[in-house]
Amino acid sequence: EVLQNHVLEAKVFHTEYGTGVAILTGAHRFSLTTNIDDLKLRRMPEVPGLQKPPSCWAVLSQDRVTIVLLAVGQDLYLLDNTSCSVVVSEPRRVSFPCPSAEKLCEFNSSIRSPPKQMVWCMRPRSRQRAVVVAWDRQLMVAGNSTECIQYPLGKRCDMPGPGQPLTYFFRPVSAEASQEIFKIASMAPGALLLEAQKEYEKESQKADEYLREIKDQKLLPEAVSQCIEAAGYEHEPDTQKSLLRAASFGKCFIDKFPPESFVRMCQDLRVLNAIRDYQIGIPLTFTQYKRLTIEVLLDRLVLRRLYPLAIRICEYLRLSEIQGVSRILAHWACYKVQQKDKSDEEVAHAINQKLGDTPGISYSEIAARAYDCGRTELAIKLLEYEPRSGEQVPLLLKMKRSKLALSKAIESGDTDLVYTVVLHLKNELNRGTFFMTLQNQPVALSLYRQFCKHQERETLKDLYNQDDNHQELGNFHVHSSYS
């Protein structure tokens, strides 16, 4: 059917089995799989009389049951494994079943036109559930009550919309400190401190009244802590600054208030605001950021090739070079060697200029990546910058540059490394070529003779014959006679 009628639309969803995909075909039929790693396509029941694509549709999955919810005109249909049923059929009245097909709530939108999009907005493993419904210039958020929140929009909105000039981010207010400070007519310490700071900026005496009220109850430390905590859960920088200014204001009236929480929050918010910028596009919440850890965030930036931002964050947070900047530069270099539009000399020079002698950088690892990309000459040039011969030699052997590996091993003065290369050459080359190679490397030849004296005496005789060294050959036979 897909080959004949093509796919009109597809949606990705998540189930207990893994990642699923649902498709709408040109025949206006739905098919889905609940796990793309174990592909079993299931065709959903037909919607009676459906002659054109639905105005909107969504896949809902809960308790191992996956259903398709779709809107056709004023009707809302629900498709499960066996049947198609009408959920609601009333003008301008929309009811939203939750994934388990129980009715969540019902409200009258008072808008005659059908919605353009409908998206579930719920917290995992909780009863806080809502639906966001979008028209051209209107958003509605319907929750567990008959009321809804309306957002008039100046421009057309798509959900979710990375391509839009402005992105709206909806989430439940989960921080208790935020609720305490911003709820209407709140008398929480944090709310009073925020008001005191605002009145202080206006040079109003009310600031003193609010402060006295907090200080009389000995709640000033709690007020400062509330403002610091609430700042972390705000996405608008202006609100963050307002709360942090209030916390800073309150700290002035406390003896020996520990500054660590305030400083740490300022650092965290600067990082979060940097990655939330639309040009970066990682709108993490404070909770997500803390659970993710800075190391994982840096890995994500590196995978997106946002190397300058990742380095600035490392420098700002004063992370150790090996944990931060060195690791990111190594990733950058490994990406750089994949660029085919520049010569080996240019790439090697650019990498060395950027990396220099940065601690924790392994040029041999970068060279190995270049070799894997088929750029053997670039790999050799990069190895020239590797100060540790022990790291150079194994890769040169892997690249079948055995003679160069032997030279590097001899330069290092490490006899074990020389023996490693010599034995590799012995297995790689035929006997005559092997002996001729050693003739050009006196140090290697001398070490190999020492090896043969203890391990392979017959080979030692062949070496003397090769060199026409009759004196040593005679000594060899005399020694063998005594033995």
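Which strands does a hairpin of 2 residues join? In this predicted model, the hairpin runs from strand 1 to strand 2, and the legends below begin with the sheet to which these strands belong.

**View 1. The open sheet contains 4 strands paired in the antiparallel sense.** The strands follow the order 1-2-3-4 across the sheet. Strand 1, residues 7–15, and strand 4, residues 42–43, stand at the edges, and because each has a single partner strand, one side of each is left without a neighbour in the sheet. Strands of a sheet pair through backbone hydrogen bonds, in either a parallel or an antiparallel arrangement.

**View 2. Strand 1 and strand 2 pair with each other over 8 bridges.** Strand 2 spans residues 18–25, and its pairing with strand 1 is antiparallel, the connection between the two being a hairpin through 2 residues. Two positions can be used to follow the pairing: glutamate 9 has leucine 24 of strand 2 as its bridge partner, while phenylalanine 13 stands opposite glycine 20, also in strand 2.

**View 3. Phenylalanine 30 and tryptophan 57 form an edge-to-face aromatic pair.** The structure holds 5 aromatic pairs, and in the one shown here the ring centres are 5.0 Å apart, with 65 degrees between the planes. The pair links distant parts of the chain, since phenylalanine 30 lies in strand 3 (residues 30–33) and tryptophan 57 lies in strand 5 (residues 56–62), with these positions 27 residues apart in the numbering.

**View 4. Helix 10 packs against helix 11 at an angle of about 170 degrees.** Helix 10 comprises residues 307–317 and helix 11 comprises residues 325–336, and their axes are 9 Å apart. The angle between the helices is over 145 degrees, and therefore helix 10 is roughly antiparallel to helix 11. Helix 10 contributes Tyr307, Ala310, Ile311, Cys314 and Glu315 to the contact, and helix 11 contributes Val325, Ile328, Leu329, His331, Trp332 and Tyr335. By class, the residues of this contact divide into 9 nonpolar, 1 polar and 1 charged.

**View 5. Residues 193–220 carry the annotation "coiled-coil region" in UniProt.** The annotation comes from an unreviewed entry. In the model, the chain over residues 193–220 is 75% helix and 0% strand, and the C-alpha atoms at the two ends of this stretch are 8 Å apart.

Terms used
Residues numbered from 1 in each chain as written. Predicted model: local features only at pLDDT ≥ 70, side-chain atom pairs only at ≥ 80, totals over all residues. Heavy atoms only, no water. Pairing = 2+ DSSP bridges. UniProt positions renumbered as here; feature names shortened; annotations may be inferred. Axes fitted to C-alpha atoms, helices over the stretch in contact; angles between N-to-C directions. Parallel < 35°, antiparallel > 145°, perpendicular 65-115°, else oblique. Contact = heavy atoms within 4.5 Å. Nonpolar A, V, L, I, M, F, W, Y, C, P; charged D, E, K, R; others polar. Phe/Tyr/Trp six-rings, centres within 6.5 Å; stacked < 30°, edge-to-face > 60°.
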